[in-house]
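Please work through the following exercises with the sequence and the coordinates open side by side. Each task is followed by a solution in steps.

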There are 2 protein chains.
Amino acid sequence: MTKLSPLQIERLKYQPKLPSSLQNGVNSLELVEGSATQSVRDQEQIQELFANTYGKPTVTFKSTSTSSTSDVKNVGVILSGGQAPGGHNVIAGLYDALKNANSANKLYGFLGGPSGIIEGKYIEFTDEYIDSYRNTGGFDIIGSGRTKLETEEQFKSSLEVCRKLNISAVVIIGGDDSNTNAALLAEWFVKNNTGIQVIGCPKTIDGDLKNEQIEISFGFDTATKTYAELIGNIERDANSAKKYWHFVKIMGRSASHVALEAALQTQPNITLISEEVEAKKMSLSSIIDYMSDIIARRAENGKNFGIAVIPEGLIEFIPEMGSMISNLNDIMASLESDSSFVNATSAEKFSIVESKLESENAKVYSSLPALIKEQLLADRDPHGNVQVSKIETEKLLIEMISAKLSEMKNAGKFSGKFSSQSHFFGYEGRCAFPSNFDADYCYSLGYNAFALINFGLTGYLSSVRNLTAPASDWIAGGVPLTMMMNMEKRHGEMKPVIQKALVRLDGPVFKQLQDNREDWAMNDRYLFSGAIQYFGPSSVADITTVTLQLERSKQLASV
Amino acid sequence: MTKLSPLQIERLKYQPKLPSSLQNGVNSLELVEGSATQSVRDQEQIQELFANTYGKPTVTFKSTSTSSTSDVKNVGVILSGGQAPGGHNVIAGLYDALKNANSANKLYGFLGGPSGIIEGKYIEFTDEYIDSYRNTGGFDIIGSGRTKLETEEQFKSSLEVCRKLNISAVVIIGGDDSNTNAALLAEWFVKNNTGIQVIGCPKTIDGDLKNEQIEISFGFDTATKTYAELIGNIERDANSAKKYWHFVKIMGRSASHVALEAALQTQPNITLISEEVEAKKMSLSSIIDYMSDIIARRAENGKNFGIAVIPEGLIEFIPEMGSMISNLNDIMASLESDSSFVNATSAEKFSIVESKLESENAKVYSSLPALIKEQLLADRDPHGNVQVSKIETEKLLIEMISAKLSEMKNAGKFSGKFSSQSHFFGYEGRCAFPSNFDADYCYSLGYNAFALINFGLTGYLSSVRNLTAPASDWIAGGVPLTMMMNMEKRHGEMKPVIQKALVRLDGPVFKQLQDNREDWAMNDRYLFSGAIQYFGPSSVADITTVTLQLERSKQLASV
């Protein structure tokens with residue numbers, strides 16, 4: 001018997017809320033078709049690539065008073081990519097809907113991500129098994145993986161496995177890339193007359209899988225609340241001890257939604273947003289100047305402390321760093337097999353690298369602290385690229401700001417103290433117990449995914465909208481995956497992909513930061529959101545993110 | 001108007017629970033004296049140093065049906081040392097008791113720690129001010145500081161400030177050192193016939209201020225639950241992704257109570273305890289062997305992931321590291337003013353240091369990774385000592401284990417993968433919203449502190465016991481500070497100090513770890529405690545720590 005924590009025991013009992021349209025079960029549903037759709041861009045190419053699944057209408061569900069019966073259906077489900085709180089509830093919702101439709105239905109879970117369907121590794125879910133994972137965090141129910149499901153060979157293996165298990169639908173829970181692959185698989189299954197459907201579910205803590213049809217991906221709510229809890233606690237510590245500047249790096253390599261949301265929940269003194277750095281072509285030294293200026297001005301007010309929030313992917317968005325890293329990736333390809341380089345001391349390596357880089361890039365590299373120079377050379381990924389997530393950007397900034405402040409001190413422009421602490425939060429939030437919002441949203445996404453399957457749809461993303469309203473008013477339905485696609489260059493080739501949503505500098509969320517930035521920099525407007533609450537007053541336990549609230553308000557206002 | 005988070009708004013309304021003896025207010029109390037006390041050791045010396053305050057009896061309170069009146073009293077309060085969740089509630093409890101006794105009473109808060117009373121920096125508390133801090137984390141209500149209140153001159157300044165404000169009692173909220181100083185101040189005030197009383201309150205997240213009379217210091221409950229939340233989330237992540245070993249360093253320099261408690265709440269694969277390392281005289285290489293062996297055995301079972309919990313202070317408890325650091329402190333004193341050393345490259349510095357260290361110590365130093373060698377030389381504290389908290393012990397272990405596993409791989413004894421992530425948790429937990437336990441305990445400690453003052457006591461620590469029972473059954477009273485003292489060497493001189501409680505290797509808490517260690521190492525017994533809950537089922541919202549439960553069970557069993 002596995003020992004469970006008190007919270008685990010209580011959360012297993014939580015009954016997630018469903019949209020009212022789904023509350024009578026999947027056999028009492030009517031499908032309402034919207035109008036035919038188009039991809040966001042590159043319509044001709046996308047249509048050509050998805051000849052069988054392109055242009056389908058969006059759909060929503062309405063509850064009916066009559067009840068139909070469903071044929072027996074076996075479904076397989078895959079967790080793809082990085083963990084996000086609520087994945088277990090997607091599967092629980094899917095399972096409940098499937099058993100509600102026909103108790104003879106079976107749900108199979110493919111193990112370890114997309115490789116599970118390719119290699120035929122799976123389990124069959126039972127009530128007992130599902131019940132022990134309800135409302136819990138993590139993807140450990142069946143594991144996840146990063147295999148990309150995209151080749152003809154993989155599709156064929158998948159088909160064989162599905163045939164063996166008599167599976168007629170596959171649900172892929174993943175981010176933008178995994179759902180792009182879900183669309184490819186759906187198309188391939190139709191083209192080859194397999195009769196197997198594919199439905200996607202929008203997962204990612206990064207919050208970058210969203211668009212007109214998807215208000216937010218699941219996991220963003222819980223992860224950002226967890227990071228906000230920690231940042232708030234550190235703010236309170238900084239404001240009590242009044243002796244440290246805390247530099248907090250937050251997970252999110254491409255988009256800065258997570259850092260932005262965490263900042264809006266906690267109101268730190270400094271928040272950097274990668275998209276802004278890129279748009280304004282801010283150099284590393286201009287970022288250092290910006291931060292040093294705030295530190296110096298706070299010091300003038302007697303405040304030698306503060307909080308800076310930094311998105312994980314920042315470094316790649318700084319133009320000269322991006323250029324240097326790309327140049328470095330090229331030259332390292334040959335240097336890594338050069339034994340005289342491999343066996344050189346760090347100092348020797350630095351000068352070899354500097355001699356090989358283009359002159360502007362060499363200057364940038366040589367200006368960096370030794371720790372960062374080392375990290376840029378170490379731990380390369382399988383493609384020979386710098387692993388940006390391993391670069392301690394927070395320490396890079398601290399070292400460079402420290403040097404800048406010393407200069408300013410010598411010039412009589414800084415008379416404070418600068419002591420720092422650095423933090424990186426990512427793994428802490430990806431597997432938290434899903435918030436009530438994520439628990440409900442994920443359960444609804446999974447339940448709804450089976451409703452889409454039951455109506456014979458394929459190449460659709462499970463969609464639950466109107467998310468700032470109470471769950472009963474949520475709108476359940478589906479969106480053709482091709483609708484969210486455009487053509488982008490990947491590894492030198494143009495590919496159909498779901499557009500990644502970056503932080504919009506003209507959007508209401510970034511504006512909230514921008515309007516308050518100077519006030520938050522100088523005054524201490526710290527907000528302490530505290531630990532996620534699963535019980536208690538609805539004002540605490542059922543809130544969503546600031547991002548969702550602001551974006552929905554704007555959407556609703558524009559209707 | 002300050003913007004508040006939803007949780008802040010709700011927590012301000014929470015009414016902390018009091019022991020039933022205190023529920024009728026401080027004017028309806030009877031003092032029950034226990035027998036006279038002795039210091040834990042060195043009785044003669046302690047008695048000599050505390051001629052006026054030594055040997056007093058322990059006391060408890062009983063509620064009476066009659067109500068007396070209280071003279072007007074002004075009280076001052078100080079927050080001393082590192083933050084611990086619940087400090088604000090100690091002050092709120094003290095304030096409520098003081099106003100309950102006589103609404104003309106005043107409570108002053110000294111600003112920025114003990115320096116506030118020395119320099120006469122203070123505020124007077126009002127209802128409105130107190131109300132905005134109830135049940136919140138942090139020490140920002142009046143700030144804290146690390147000034148040691150111990151010299152005759154400081155005592156005189158403090159007296160002057162108290163006289164000016166007509167203060168007749170001072171409450172010092174602090175750890176073992178601060179309470180040692182509270183005892184010195186209490187004695188000095190009596191010896192000099194000032195009529196000013198001093199009462200201490202047991203604060204520290206480290207959990208090392210505890211003994212026969214003090215079941216636990218406040219803040220330990222909330223801080224360890226916060227760290228356990230994060231470790232549990234990371235465990236779930238590791239167990240989902242199955243690709244990283246996470247090395248988690250946990251705050252706590254001297255004692256490992258925090259790491260031990262966090263481990264018991266989460267059941268990680270590896271837990272190091274500094275006290276055990278010291279007692280068993282474990283060398284760094286034997287620690288590396290122990291950890292590498294578990295990593296290799298898990299890899300044999302196909303598990304290339306896991307969690308290791310490491311106490312912050314570990315490095316000083318490893319005999320050869322302690323010896324090397326102490327030697328290094330000596331030689332650095334002269335090297336730091338030597339410009340040829342200061343301007344040398346890192347590699348040059350390393351060889352200079354190695355040439356000056358005693359031979360065994362030089363070997364140890366030279367065996368360390370460059371990053372750690374650098375950290376040992378940088379950032380020295382005002383006394384010229386290595387700042388152990390800045391040494392990234394988690395990375396030291398990772399680097400050395402990585403090297404060890406490579407060796408084992410070459411010898412055919414390891415065939416797995418070792419990818420790692422490191423974390424350090426400390427600041428994340430010191431200022432969290434106090435758990436219900438800490439909110440109640442702290443409020444009771446503060447309320448009780450005023451009851452002690454009202455009965456004219458001085459040199460006592462506010463004591464609330466029987467803490468695993470419901471709050472109404474808690475036993476409120478006081479313990480003479482001298483009772484917890486012994487003589488110890490500090491900066492070369494014998495000083496009276498409150499004994500620090502280290503993890504007892506023969507105690508029930510460590511035994512719990514020891515009995516399960518091998519099972520937790522190989523099997524995945526991860527426990528996910530989740531975020532602290534302030535609302536909901538009592539089984540979740542009102543639990544205490546495993547440490548307190550086990551120690552109380554043993555105490556109760558031995559009665």
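The exercises below concern a helix, a lysine and a chain–chain interface in a predicted model.

**Exercise 1. The two sides of a helix**

Task: Determine how the buried and the exposed residues are arranged on helix α6 of chain B.

Solution:

1. Begin with the geometry. Helix α6(B) comprises 14 residues, 152–165, and spans 20 Å from its first C-alpha to its last, close to the 20 Å expected at 1.5 Å a residue.
2. List the buried positions. These are Gln154(B), Phe155(B), Ser158(B), Leu159(B), Val161(B), Cys162(B) and Leu165(B).
3. Locate them around the axis. Because they cover an arc of only 165 degrees, they lie on the same side of α6(B).
4. Recall the underlying rule. An α-helix has 3.6 residues a turn, so residues three or four places apart point the same way.
5. Turn to the other side of α6(B), where Glu153(B), Glu160(B) and Lys164(B) are exposed.
6. Identify the packing partners. Within chain B, the buried residues of α6(B) pack against strands β3 (74–79), β4 (106–110), β5 (122–124) and β6 (167–174), and against helices α4 (115–119) and α7 (176–191).
7. Inspect the residue that follows the helix. Asn166(B) comes after α6(B) and has a positive phi, near 55 degrees.

**Exercise 2. The setting of a lysine**

Task: Decide whether Lys395(B) counts as buried or exposed, and state which residues it touches.

Solution:

1. Place the residue. Lys395(B) belongs to helix α18 of chain B, residues 393–410.
2. Apply the cut-off. Lys395(B) has a relative accessibility of 16% and therefore counts as buried, the limit being under 20%.
3. Find the contacts. Leaving aside residues up to four places away in sequence, Lys395(B) touches Leu371(B) and Ser422(B), as well as Glu392(A) and Lys395(A).

**Exercise 3. The interface between the chains**

Task: Describe the contact between chain B and chain A by its residues, its buried area and its polar pairs.

Solution:

1. Count the participants. Chain B contributes 58 residues and chain A contributes 58 residues.
2. State the area. About 4700 Å² is buried between chain B and chain A, with 53% of it on carbon and sulfur atoms.
3. Consider charged pairs. There are 6 salt bridges across the interface. In the one between Arg430(A) and Asp237(B), the closest N and O atoms are 2.7 Å apart.
4. Add the polar contacts, which number 30 residue pairs with both residues at pLDDT 80 or more.
5. Assign the side of chain B that touches chain A to its elements. At least two residues each come from α1 (6–12), α8 (220–241), β11 (420–425) and α21 (538–541) of chain B. The largest share, 10 residues, is supplied by α8(B).

Methods: Residues are numbered from 1 along each chain as its sequence is written. Chains are lettered from A and ligands numbered from 1 in the order in which they are written. This is a predicted model: local features need pLDDT of at least 70, side-chain atom pairs count only at pLDDT 80 or more; totals for chains, interfaces and linings use all residues. Side-chain values use heavy atoms; hydrogens and water are left out. Helices (H or I, at least four residues) and strands (E, at least two) are DSSP runs, numbered from the N terminus. The expected span of a helix is 1.5 Å times one less than its number of residues. Buried means under 20% relative accessible area, exposed over 50%, partly exposed in between (1.4 Å probe, protein chains only). The arc is that of the directions from the helix axis to the C-beta atoms. Contact means heavy atoms within 4.5 Å. Buried area is the accessible area (1.4 Å probe) that two parts lose on being put together, summed over both. A salt bridge is a side-chain nitrogen of Lys or Arg within 4 Å of a carboxyl oxygen of Asp or Glu. A polar contact is a pair of N or O atoms within 3.5 Å; within protein, one must be able to donate a hydrogen and the other to accept it, and residues adjacent in sequence count only if both atoms are side-chain atoms.
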